[in-house]
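Hi there,

Here is the two-chain model I promised to pass along. Have a look at it first, and then read on for my notes.

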Amino acid sequence: MVAAVKEAQQAGKPVAPKLPAQPAKPKLPVKEQKVTRRSFWQMLSSVTISPFAVAWTVMATIGGVWSLAAARFLMPNMVRELPSKFKVGAISDYPPNAVSEKYTASRGVWIVNTDQYNGQPLLYSLLAICTHLGCTPSWLSGEQKFKCPCHGSGFYITGINFEGPAPRPLERVGLTLGADGLLEVDKSLKFQEELGQWSDPKSYVELG
Amino acid sequence: MSSIIEYIRKSQIWRSVFRHPAPYDRRNRAVVVLTNFFLHLHPVSVKKGGIALSYTWCMGGVTFFLFLVEALTGVLLMFYYRPTLEWAFTDIRALRDVTTLGIMREIHRWGAHAMVITVWLHMYRVFLTGSYKPPREFNWVIGVILLVLTLLLSFTGYLLPWDQLAIWAITVGSNMARATPFLGHEGPGFQLLNIGGYDLITNASDARFLLLGARTVGEETLNRFYIMHCVAIPIVVSLLIAIHFWRVRKDGGISQPL
């Protein structure tokens with residue numbers, strides 16, 4: 001044996017030492033493929049969805065529904081505002097070439113009697129909300145203009161904007177003459193000059 | 001004197017509050033920070049260069065200090081202020097004219113102005129020193145949210161005196177919400193949100209209406225802004241401040257000068 005190794009080493013060949021014979025491995029008994037309770041649920045979850053996914057989905061759904069419910073809860077169903085329609089007296093209460101501020105503080109409208117818009121003597125009601133960012137302009141009778149104190153927008157007596165940042169004329173609201181001879185303002189109606197809505201007969205009362 | 005201090009430190013009351021020996025050595029100096037509820041958000045040790053005033057301007061710290069001032073004076077003001085049309089303006093006037101140390105209201109107001117300024121300066125410093133870069137980018141995002149919430153606190157607090165300035169400032173400010181995309185009744189794309197030709201977004205169901213609780217600035221708005229100013233936003237801000245400080249620690253402490 002030793003002589004043989006020596007011989008091989010001299011020849012420059014590596015020699016693997018002989019290993020003792022391995023004992024034969026005992027064959028394990030093959031388990032029968034039976035469906036247990038655990039494997040059944042594993043199988044079920046692999047073809048459907050995991051319980052974690054179910055739990056997270058349920059929680060996310062509840063959270064989402066609650067968020068929506070909170071948002072809806074914060075959206076009031078009721079506004080406390082004065083009625084949008086109201087009587088403002090007879091035509092004779094409004095002299096020519098004048099802006100009435102009688103209903104500005106309480107109702108936020110001016111009643112204007114002028115012929116400067118289209119040459120015809122008209123009575124109309126302008127909404128006292130600046131078309132820039134919503135402040136209340138003041139009527140300056142000396143300068144014959146509506147002037148907004150917030151950012152300086154100016155409007156002619158007709159409601160047309162001519163200075164400052166306001167992008168469009170003041171809005172008219174509905175004004176009609178009732179059968180009882182009284183004028184009625186309807187703030188639920190809006191008439192915008194730039195959309196050609198000032199020709200709508202509900203937006204003014206023609207004076208003879 | 002030192003024997004009195006020593007006596008207090010060894011008393012059961014003291015040791016029940018502070019669970020560690022006096023910070024005379026390095027180990028206990030670290031333990032003091034680690035075991036204190038108020039200090040544990042803070043890094044245990046801070047590099048000298050990281051807290052140099054010329055580097056940090058201390059603007060984050062000053063902002064936090066001002067937040068505490070606002071919280072303290074704000075709670076005091078709540079004892080005298082009622083958010084109703086009848087009393088809001090009068091109560092603010094009474095704080096000036098009647099209440100002893102009614103200057104609390106001025107401190108609250110000036111502190112609010114100062115806080116907005118220091119938040120911006122803090123942000124400017126963080127930008128200039130590159131402290132928004134990884135691994136601190138998430139804390140920058142939290143900081144931006146805190147900036148927005150600070151501005152919202154200012155906006156909601158602005159209405160509470162209920163004077164002309166307040167009402168028209170909030171009218172102007174909230175009118176911008178009309179132009180919110182999709183959710184404002186004068187904004188782009190609101191027409192898309194309708195069912196069978198019926199608009200879901202109107203002047204009584206849009207973002208501005210939700211903000212004001214009405215179609216114009218009124219008592220509902222005053223109440224909403226009061227609750228947002230005193231409860232809702234401060235809770236969120238407190239939570240985010242805690243996360244902000246904790247992340248400074250976890251992201252490797254305050255950034256260092258290069």
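Where the two chains meet, nine residues of chain A touch 11 residues of chain B. On the chain A side of that contact, seven of the residues are nonpolar, one is polar and one is charged. Please keep in mind throughout that this is a predicted model.

**Chain A**

Chain A holds four helices and 11 strands. Its radius of gyration is 45 Å, whereas a compact globule of 208 residues would come out near 17 Å. The box around the C-alpha trace tells you about its extent too: along the principal axes chain A spans about 140 × 50 × 25 Å. Of the 208 residues in chain A, 20% are buried. If you take the contacts in chain A with a separation of 6 or more, 42% of them link residues 24 or more positions apart.

The part of chain A I looked at in detail is built around strand β10, residues 183-191. Which strands pair with β10(A)? One of them is β1 (residues 85-87) of chain A, which runs antiparallel to β10(A) over three bridges. Another is β9 (residues 172-177) of chain A, also antiparallel, with six bridges to β10(A).

You can follow both pairings at A:Val185 in β10(A). A:Phe86 stands opposite A:Val185, and so does A:Leu175. A further pair to look for is A:Gly174, which faces A:Asp186 in β10(A).

β9(A) and β10(A) also make a hairpin, with five residues between the two strands. In the turn of that hairpin, A:Gly181 has a positive phi of about 80°.

β9(A) has a further antiparallel partner in strand β4 (residues 122-127) of chain A, and two bridges join them. In this pairing, A:Ser125 has A:Val173 of β9(A) as its bridge partner.

If you want to find the loop before β1, look for A:Pro83, which sits between α3 (51-73) and β1 of chain A. Is A:Pro83 buried or exposed? A:Pro83 is exposed, because just 8 other C-beta atoms lie within 10 Å, and a residue counts as exposed at 12 or fewer. The C-alpha atoms of A:Pro83 and A:Lys187 are 8.6 Å apart, although 104 residues separate the two along the chain.

**Chain B**

Chain B has 11 helices and two strands. What order do they come in along the sequence of chain B? The pattern is α-α-α-α-α-α-α-α-α-β-β-α-α. Chain B is more spread out than a compact globule, because its radius of gyration is 24 Å, well over the 18 Å that the globule rule gives for 258 residues. Along the principal axes, its C-alpha atoms fill a box of roughly 80 × 50 × 35 Å.

Chain B is divided into domain 1 (1-40) and domain 2 (65-250). The C-alpha centres of these two domains of chain B lie 41 Å apart.

Buried residues account for 24% of the 258 residues in chain B. Among the contacts in chain B with a separation of 6 or more, 62% are between residues 24 or more positions apart.

For a first look on screen, I would start at A:Val185 and find A:Phe86 and A:Leu175 opposite it.

Best wishes

Conventions. Residues are numbered from 1 along each chain as its sequence is written. Chains are lettered from A and ligands numbered from 1 in the order in which they are written. This is a predicted model: local features need pLDDT of at least 70, side-chain atom pairs count only at pLDDT 80 or more; totals for chains, interfaces and linings use all residues. The radius of gyration is taken over C-alpha atoms; the globule rule is 2.2 Å times the number of residues to the power 0.38. Two residues are in contact if their C-beta atoms, placed from the backbone, lie within 7 Å. Ala, Val, Leu, Ile, Met, Phe, Trp, Tyr, Cys and Pro count as nonpolar, Asp, Glu, Lys and Arg as charged, and the others, Gly among them, as polar. Domain bounds come from an automatic or database domain assignment. Two strands pair if DSSP finds at least two bridges between them.
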